[in-house]
Amino acid sequence: MQEKWQLNNIDQKLIDLALEEDLGSPFLDVTTKTIFPGQSHAQQVEIISKSNDEIVICGLMLIPAIFKRFNAPIELKPTLRDGNILLPGEKLLTLSSDASVILMTERTLLNFLRHLSAIATLTKKFVDMIAKFNTKILDTRKTTPGQRHLEKYAVHCGGGVNHRMGLYDAFMVKDTHIDLAGGMKNALQKIPNKAQKLLPVIVEVRPLEELKTVVNLGRDKVTRVLLDNMTLDELRQSVSLCKNIFETESSGNINLETIVNIAKTGVDYASVGMLTYAAGQVDLSMKGIK
């Protein structure tokens, strides 16, 4: 999974922000400085799972970037890669570096790993539940400010599909656009015919009447219709109307209890906001090796 993604400048800034949040500016850990006042020798720690459930690992690529901020040598021996499954009680990695740097970075490192792995783990639960259907799980823009790139990487590690990264890489006509434009017909007329050749064009529809307008007027403009908060019966009707014309996407309060029935309607995608806003953290812990 990891080879398809790289840290970008925003991620590097986020690492600095997270470290400064914990250590202040300039960086200072008063306890560690007191116990290790000078150059400390290399120590070894391991990160293990304390969870009772399987964890999909995500965030290993951040560890060297965190230690690089301190110009500290690091020997990292992971047992898995991002996207692999860590079993309950299993060791994820062994890390050797300067003792003071390990102590200064421990919480920041674990916060990233625990959060991103939780997103990847929750995503895999959704993906596994509908594995026998053609529906794919999408993420949304309901992400933690500043962490979108990393959180979408975590969805990718869990087997999900990334939606647009932001407002700049897809046309997405939402309900507010439609309302403020004076209706679906007016909104569609504002989208140029060549738009679909440049970026995907996604249009949100609510009642079936709006969908019929898109079918009639948007065949040469629209890539996908977003079927928002529809009943299962409405979803089935909408999928039938869009067959061989548009891709379909279901959205709105989708969870692990509803996802299977939604997939049964034949919809192409299901966008799930809770992947990134409700995943929480998994239980990973760092322990010193004597």
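**Strand β9 and its surroundings in a predicted model**

Q: What makes β9 and strand β10 a pair?
A: In this predicted model, five bridges join β9 to strand β10 (residues 247–251), and the two run parallel. Pairing requires at least two bridges, so β9 and β10 qualify. Within this pair, Leu227 stands opposite Ser250 of β10.

Q: What is the hand of the β-α-β crossover from β9 to β10, and through which helix does the chain pass?
A: The chain leaves β9, passes through helix α10 (residues 232–242) and arrives at β10; the crossover is right-handed. The term applies because, with the strands pointing away from the viewer, the path over the helix runs clockwise. A right-handed β-α-β unit is also made by β8, helix α9 (residues 208–217) and β9.

Q: How do you know that strand β8 pairs with β9?
A: Four bridges join strand β8 (residues 201–205) to β9, in parallel. At least two bridges are needed, therefore β8 and β9 count as paired. Val205 has Leu227 of β9 as its bridge partner.

Q: Why is β9 described as largely enclosed by the rest of the structure?
A: Five of the five residues of β9 (residues 224–228) are buried, so the strand is largely enclosed. Buried here means under 20% relative accessible area. Arg224, Leu226 and Asp228 point one way, Val225 and Leu227 the other way, and all are buried. In a regular strand, side chains alternate between the two faces of the sheet.

Q: Which strands form the open sheet, and in what order?
A: Six strands form the open sheet, ordered β6-β11-β10-β9-β8-β7, with parallel pairing. From one strand to the next, the twist averages 25°.

Q: What makes β6 and β7 edge strands?
A: Each of them, β6 (136–138) and β7 (171–173), pairs on one side only. For β7, three bridges lead to β8, and the two strands run parallel. Phe171 stands opposite Val201 in β8.

Q: How do you know that α9 packs on the sheet?
A: Helix α9 touches β8 and β9, and its direction makes about 150° with that of β8. Its buried residues pack against α6 (175–181), α7 (184–190), β8, β9 and α10.

Q: What places the buried residues of α9 on one side of the helix?
A: The buried residues of α9 are Leu208, Glu210, Leu211, Val214 and Val215. They cover an arc of only 150° around the axis, which puts them on the same side of α9. The face turned away from this buried side carries the exposed residues Glu209 and Asn216.

Q: Why is Asn71 called exposed?
A: Its relative accessible area is 72%; the cut-off for exposed is over 50%, so Asn71 meets it. Asn71 lies in the loop between α3 (62–68) and β3 (74–78). Although not a glycine, Asn71 has a positive phi of about 50°.

Q: How do you know whether Asn253 is buried or exposed?
A: Asn253 has 68% relative accessibility, over the 50% cut-off, and therefore counts as exposed. Asn253 is found in the loop between β10 and α11 (259–264). Its phi, near 55°, is a positive value in a residue other than glycine.

Q: What makes the peptide bond from Ser25 to Pro26 cis?
A: Omega of this bond is near 0°, and the bond from Ser25 to Pro26 is cis. Pro26 has its place in the loop between α1 (9–23) and α2 (30–35).

Conventions:
Residues numbered from 1 in each chain as written. Predicted model: local features only at pLDDT ≥ 70, side-chain atom pairs only at ≥ 80, totals over all residues. Heavy atoms only, no water. Buried < 20%, exposed > 50% of the residue type's maximum accessible area, 1.4 Å probe, protein only. Arc of directions from axis to C-beta. Contact = heavy atoms within 4.5 Å. Axes fitted to C-alpha atoms, helices over the stretch in contact; angles between N-to-C directions.
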